[in-house]
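Student: Got a minute to look at a model with me? I'd like to talk it through.

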Amino acid sequence: NMLFVGQRGVVTPCHYDEQENFFAQVKGRKRCVLFHPEHFKNLYPFRVGHPCDRQSQVDFNNPDLERFSEFRNAKGVEVHGSNKSLHILKENFPGYFRTWGCIVYPKNMVGS
């Protein structure tokens, strides 16, 4: 099990985890864009074996649509965390996260 604690301004690149986990928004706000695994190909993951092979190569704040043209076909669902909220994240579902306040992110805790 791991515990991640973040602060205001933290941006987590779009990625997926191989285990279920959850995040708790203690204070502030968090924006999450979650994708069904079938859309991961449109997020241009790094090749298998690369140190970031579960992450998207696309900069969500400034996507290069010439290089990553299929990114426009990735359909995500936007979820917002706010003070004292808890969200369960399924394994293998890619997500992009941006924080506007303190978070506590206990990883790999669901079902353990």
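**Cysteines, core and empty space**

Tutor: Sure. Zero disulfides turn up in the structure (a disulfide being a pair of cysteine sulfur atoms within 2.5 Å). This is a predicted model, where local features need pLDDT of at least 70 and side-chain atom pairs count only at pLDDT 80 or more, while totals for chains, interfaces and linings use all residues. Residues are numbered from 1 along each chain as its sequence is written, and side-chain values use heavy atoms, with hydrogens and water left out.

Student: Is Cys 32 buried or exposed?

Tutor: Cys 32 is buried, at a relative accessible area of 1%. Buried means under 20% relative accessible area, exposed over 50%, and partly exposed in between, using a 1.4 Å probe and protein chains only.

Student: And how does Cys 52 count?

Tutor: Cys 52 has 25% relative accessibility, so it counts as partly exposed.

Student: OK, new topic. How many helices and strands are in the chain?

Tutor: Zero helices and eight strands. Those are DSSP runs numbered from the N terminus: helices are H or I with at least four residues, strands are E with at least two.

Student: What share of the chain is buried?

Tutor: Of its 112 residues, 37% are buried.

Student: Which residues have the most contacts inside the largest nonpolar core?

Tutor: Cys 14, Phe 35, Leu 43, Val 58, Phe 60 and Phe 71, in a core of 13 residues. A nonpolar core is a set of buried Ala, Val, Leu, Ile, Met, Phe, Trp, Tyr and Cys residues joined through side-chain atoms within 4.5 Å.

Student: What does Phe 60 touch, leaving aside neighbours within four places in sequence?

Tutor: Phe 60 is in contact (heavy atoms within 4.5 Å) with Cys 14, Phe 35, Leu 43, Phe 71 and Tyr 96.

Student: What about enclosed space: how many cavities of 30 Å³ or more are there?

Tutor: One in the whole structure. On a 1 Å grid over the protein atoms alone, a cavity is a set of points where a 1.4 Å probe fits but cannot get out, and lining residues have an atom within 4 Å of a point. The largest cavity has a volume of about 70 Å³, volume being the space filled by probe spheres set on the points, which are joined across faces, edges and corners.

Student: Which residues lie nearest its centre?

Tutor: His 15, Asp 17, Leu 89, Phe 93 and Phe 97, out of 12 that line the largest cavity.

Technical notes
1 Å grid on protein atoms, 1.4 Å probe; cavity = no way out; pocket = protein on both sides within 12 Å on 5 of 7 lines; lining within 4 Å.
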